[in-house]
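Student: Hey, I've got a structure open and no idea where to start. Can you walk me through it?
Tutor: Sure, let's take a look together.

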Amino acid sequence: MTPSRRHLFELIAGILGCPMLSRVATAETGYPSRPVRIVAGFAAGGGVDITTRLIGQWLTDRLGQPFLVENRTGADGNIATEAVVNAAADGYTLLLATLPNAVNASLYPRLKFNFLRDIAPVAGVIRVPMVALVHPSLPVKSILDLIAYAKDNPDKINMASAGIGSAPHMAGELFNAMAGTKMVHVPYRGQSQALTDLLGGQVQILFAAAPGTADYIRSGKLRALAVTSASQADVLKDLPAVASFLPGYEASQWYGIAAPAKTPPEIVARLNTEINAAFADGAMQARFAAIAGEPMPGRPVDFAKLIADETEKWAKVVASAGLKAE
């Protein structure tokens, strides 16, 4: 275990070891007593922003103080993350943590923070599957067809993404690594731009976040091959998982709440309890389902393990693909 991973699990062990009395005391002292910021590292309207606003409104309603969303875009989420890790560790500045945080740890060699060391995981929120979409002109109808065609035509398939280190990019690079294919990465500044060029045939494949893709699939404008979750996903029930053909393959976008390191354990525990309560609420279940979100209930230690595992997993993909930040 690396020092960073060891630090993270020691921190979480401390959280889990806190007596219930301290959690009750937190409630009695009135946290939160003023508005709380949840910093999102990506622009309004995307999955990060939507998820942040959903959980922020839930916490506002539950805890009686505004949980305000602040979009701090740039550098693949690093600007937002740096702002949070440098904030006071008092529970009033939180981060919507997501897959790029795990990727950036190895993609950016000179970050001013260490994500595993400098954050306190609070709770996972949702996981969102992606779907392998191809332009109908590409002569493939299954993942096995895609693997065979890509091997016969190395460097001939253009693979769009939402940018270097984005979830669609990493899903594609993991596919290349596990399938032994060589699809050419074409980065865009967001999924909407990538989808536009995929529809126009300028690129041939995109591992797209599943929400918003059903109409393109039903109309035949794009062909869906498989979902990237470990097994079939509720959002596109008729599609197999890539893992059915490449055992062990899994690549999904995930979202959770984190705080600066050294945030009082009782505050972390309070937030964790309230976030987990959302998964039992019918209205919240419906809202998560509307964005293809699969709830990720659990303790801070569970979210910590996910972050550590994802950081290690994507570091291997970054290294094998020779990826570098722009």
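Student: Okay, let's try helix H8. How many residues does it have, and how far does it reach?
Tutor: H8 covers residues 167-179, so to speak a run of 13 residues, and it reaches 18 Å from its first C-alpha to its last. That's close to the 18 Å expected at 1.5 Å a residue. Keep in mind that this is a predicted model.

Student: Is H8 mostly covered or mostly exposed?
Tutor: Mostly covered: eleven of the 13 residues in H8 are buried. Among them are Pro168, His169, Met170, Glu173, Leu174 and Phe175.

Student: And what follows H8?
Tutor: Glycine 180 follows H8, and its phi is positive, near 75°.

Student: Switching topic. Where does proline 154 lie?
Tutor: Proline 154 is in the loop between helix H7 (143-152) and strand E5 (158-161).

Student: Why is proline 154 called partly exposed?
Tutor: Because its relative accessible area is 40%, and partly exposed means between the 20% and 50% cut-offs.

Student: How far apart are proline 154 and aspartate 215 in space?
Tutor: They're 30 Å apart, C-alpha to C-alpha, and 61 residues apart in sequence.

Student: Now the strands. How many residues of E9 are buried?
Tutor: Nine of its nine residues, so strand E9 (residues 252-260) counts as mostly covered under the 20% cut-off for buried.

Student: Which strands does E9 pair with?
Tutor: Strand E3 (residues 93-98) pairs with E9 in the antiparallel sense over four bridges. Strand E4 (residues 119-134) also runs antiparallel to E9, and nine bridges join those two.

Student: Which residues are the partners there?
Tutor: Leucine 95 has alanine 258 in E9 as its bridge partner. Alanine 120 stands opposite alanine 259 in E9.

Student: What about the inside? How many residues are in the largest nonpolar core?
Tutor: The largest nonpolar core has 53 residues. Those with the most contacts inside it are Leu146, Phe175, Met183, Phe207, Tyr249, Trp254 and Trp314. Helix H13 (residues 300-321) gives the most to this core, with seven residues. Apart from this core lies another one, of 32 residues, among them Leu63, Val268, Met284 and Phe288.

Student: Why would nonpolar side chains end up buried?
Tutor: In soluble globular proteins, nonpolar side chains tend to be buried together.

Student: Back to tryptophan 314. What does it touch?
Tutor: Leaving out residues up to four places away in sequence, tryptophan 314 touches Leu99, Ala102, Val103, Ser106, Met170, Leu174, Glu250 and Ala251. Met170 and Leu174 are also on the list of buried residues in H8.

Student: Last topic, empty space. How many cavities of 30 Å³ or more are there?
Tutor: A search of the whole structure finds one. The largest cavity has a volume of about 50 Å³, and its lining includes Gly41, Phe42, Asp76, Leu95 and Asn101.

Student: Which element gives the largest share of that lining?
Tutor: E3, with three residues. Helix H4 (78-85) supplies at least two as well.

Student: And the largest pocket, how much space lies in it?
Tutor: About 1,200 Å³. The pocket is lined by 39 residues, and Phe42, Ala162, Arg189, Gly190 and Gln191 lie nearest its centre.

Student: Which helix supplies the largest share there?
Tutor: Helix H3 (47-63), with five residues. E4, H8, helix H9 (191-200) and E9 each supply at least two residues too.

Methods: Residues numbered from 1 in each chain as written. Predicted model: local features only at pLDDT ≥ 70, side-chain atom pairs only at ≥ 80, totals over all residues. Heavy atoms only, no water. Expected span 1.5 Å × (residues − 1). Buried < 20%, exposed > 50% of the residue type's maximum accessible area, 1.4 Å probe, protein only. Pairing = 2+ DSSP bridges. Core = buried A, V, L, I, M, F, W, Y, C linked by side-chain atoms within 4.5 Å. Contact = heavy atoms within 4.5 Å. 1 Å grid on protein atoms, 1.4 Å probe; cavity = no way out; pocket = protein on both sides within 12 Å on 5 of 7 lines; lining within 4 Å. Points joined across faces, edges and corners; volume = space filled by probe spheres on them.
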